[in-house]
Amino acid sequence: FNVMKPKWKRYHYVYPLKIDVLTNYMRHSHPSASPSILPLPHPPSMEVMNNACELLLGTHDFGSYQSSNGRSTTVRTIHECIVKKDDQDQLVLSIASNGFLMHMVRIVAGTIMEVGVGLRTLNDIKKSISDIKRENAGTKLPGKHLYLDWVEYDQDHPKQPITHEKI
């Protein structure tokens with residue numbers, strides 16, 4: 001047993017309910033943030049966000065999704081990536097992987113949100129995986145909305161997503 005070597009972990013990123021809070025996060029973080037783009041063009045689409053999540057599933061080089069001075073080995077396997085609503089009607093990103101890079105979940109959450117509101121496209125997600133540069137991924141959202149949900153040391157991640165009545 002080694003506490004530093006789990007088989008997989010799952011995080012939840014709870015997006016703020018208020019669109020003005022999201023707008024503020026994007027304004028301060030998005031590289032092309034300008035008055036013409038912000039406030040956000042429309043509320044986030046959960047369907048589009050989940051389409052973006054699907055592109056991240058599997059084993060890829062996630063070097064675009066880490067902060068500078070991160071790990072040199074950036075290949076990870078995302079087992080589960082889905083956006084759902086919780087019982088307070090907030091959007092929640094649930095993401096499970098065999099390992100995460102520095103700030104990876106916060107950057108994935110920002111990138112998925114940018115796709116959901118139309119600031120990025122699904123092709124941008126594909127490019128972020130094929131052309132490994134930090135600028136190809138999206139905003140790093142604040143850590144205060146990030147929660148570690150599960151750490152598994154004994155068993156591999158099940159092949160199908162784990163479902164919950166409530167997140």
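Trainee: What is the volume of the largest pocket, and which residues are the closest to its centre?

Mentor: The largest pocket has a volume of about 430 Å³, and of the 19 residues that line it, those closest to the centre are Lys9, Tyr11, Arg71, Gly99 and Phe100. Please keep in mind throughout that this is a predicted model.

Trainee: How do you know which class each lining residue of the largest pocket belongs to, and how does the lining divide by class?

Mentor: The class follows from the kind of residue, so Lys9 and Arg71 count as charged, Tyr11 and Phe100 as nonpolar, and Gly99 as polar. Taken over the whole lining of the largest pocket, this gives 11 nonpolar, 3 polar and 5 charged residues.

Trainee: Which elements each supply at least two residues of the lining of the largest pocket?

Mentor: Strand E1, residues 8-14, helix H3, residues 104-117, and strand E5, residues 146-152, each do so, and the largest share, 3 residues, comes from H3.

Trainee: What can be said of the second largest pocket and the residues that line it?

Mentor: The second largest pocket has a volume of about 170 Å³, and 13 residues line it, of which Pro16, Leu17, Pro44, Asp89 and Leu91 are the closest to its centre. By class, the lining of the second largest pocket divides into 10 nonpolar residues, 1 polar residue and 2 charged residues.

Trainee: How do helices and strands follow one another along the chain?

Mentor: Read along the sequence, the pattern is β-α-α-β-β-β-α-α-β, which is made up of 4 helices and 5 strands. For the contacts between residues at least 6 apart in sequence, 73% join residues that are at least 24 apart.

Trainee: How do you know that the length of H3 agrees with what its number of residues leads one to expect?

Mentor: The 14 residues of H3, at 1.5 Å a residue, should span 20 Å, and the C-alpha atoms at the two ends are 20 Å apart, so the expected span and the span in the model agree. H3 is also mostly covered, since 14 of its 14 residues fall under the 20% relative accessible area that counts as buried. Just after H3 comes Gly118, which takes a positive phi of about 90°.

Trainee: Why is Ser94 called buried, and which residues does Ser94 touch?

Mentor: Ser94 has a relative accessibility of 3%, and because buried means under 20%, Ser94 counts as buried. Ser94 lies in strand E4, residues 91-97, and, not counting residues up to four places away in sequence, touches Arg10, Tyr11, His12, Glu80, Cys81 and Ile82. The C-alpha atoms of Ser94 and Tyr147 are separated by 9.6 Å, although these two residues are 53 residues apart along the chain.

Trainee: What makes Asn50 count as buried?

Mentor: The relative accessibility of Asn50 is 17%, which is under the cut-off of 20%, and therefore Asn50 counts as buried. Asn50 is part of helix H2, residues 46-56, and, once its neighbours within four places in sequence are left aside, is in contact with Ile82 and Val83.

Trainee: Why is Tyr153 called partly exposed?

Mentor: Its relative accessible area is 27%, and because this value lies between the 20% limit for buried and the 50% limit for exposed, Tyr153 is called partly exposed. Tyr153 is placed in the segment after E5, and its C-alpha atom is 7.3 Å from that of Lys5, a residue 148 places away in sequence.

Trainee: What is noted about the phi of Asp89, and where is Asp89 placed?

Mentor: Asp89 has a positive phi of about 70° although it is not a glycine, and its place is in the loop between strand E3, residues 75-85, and E4. With a relative accessible area of 46%, Asp89 is over the 20% limit but not over 50%, so Asp89 is partly exposed.

Trainee: How do you know that His103 is partly exposed, and where is His103 found?

Mentor: His103 is found in the loop between E4 and H3, and its relative accessible area of 27% lies between 20% and 50%, so the conclusion is partly exposed. His103 also has a positive phi, of about 65°, without being a glycine.

Trainee: How much of the chain as a whole counts as buried, and what is its accessible surface?

Mentor: Of the 167 residues of the chain, 44% count as buried, while the accessible surface comes to about 9,100 Å², with 51% of that area belonging to carbon and sulfur atoms.

Note on methods. Residues are numbered from 1 along each chain as its sequence is written. This is a predicted model: local features need pLDDT of at least 70, side-chain atom pairs count only at pLDDT 80 or more; totals for chains, interfaces and linings use all residues. Side-chain values use heavy atoms; hydrogens and water are left out. Buried means under 20% relative accessible area, exposed over 50%, partly exposed in between (1.4 Å probe, protein chains only). Contact means heavy atoms within 4.5 Å. Accessible areas come from the Shrake-Rupley method with a 1.4 Å probe; for residues, only the protein chains shown count as cover. On a 1 Å grid over the protein atoms alone, a cavity is a set of points where a 1.4 Å probe fits but cannot get out, and a pocket is an open set with protein on both sides within 12 Å along at least five of seven lines; lining residues have an atom within 4 Å of a point. Grid points are joined across faces, edges and corners, and a volume is the space filled by probe spheres set on the points. The expected span of a helix is 1.5 Å times one less than its number of residues.
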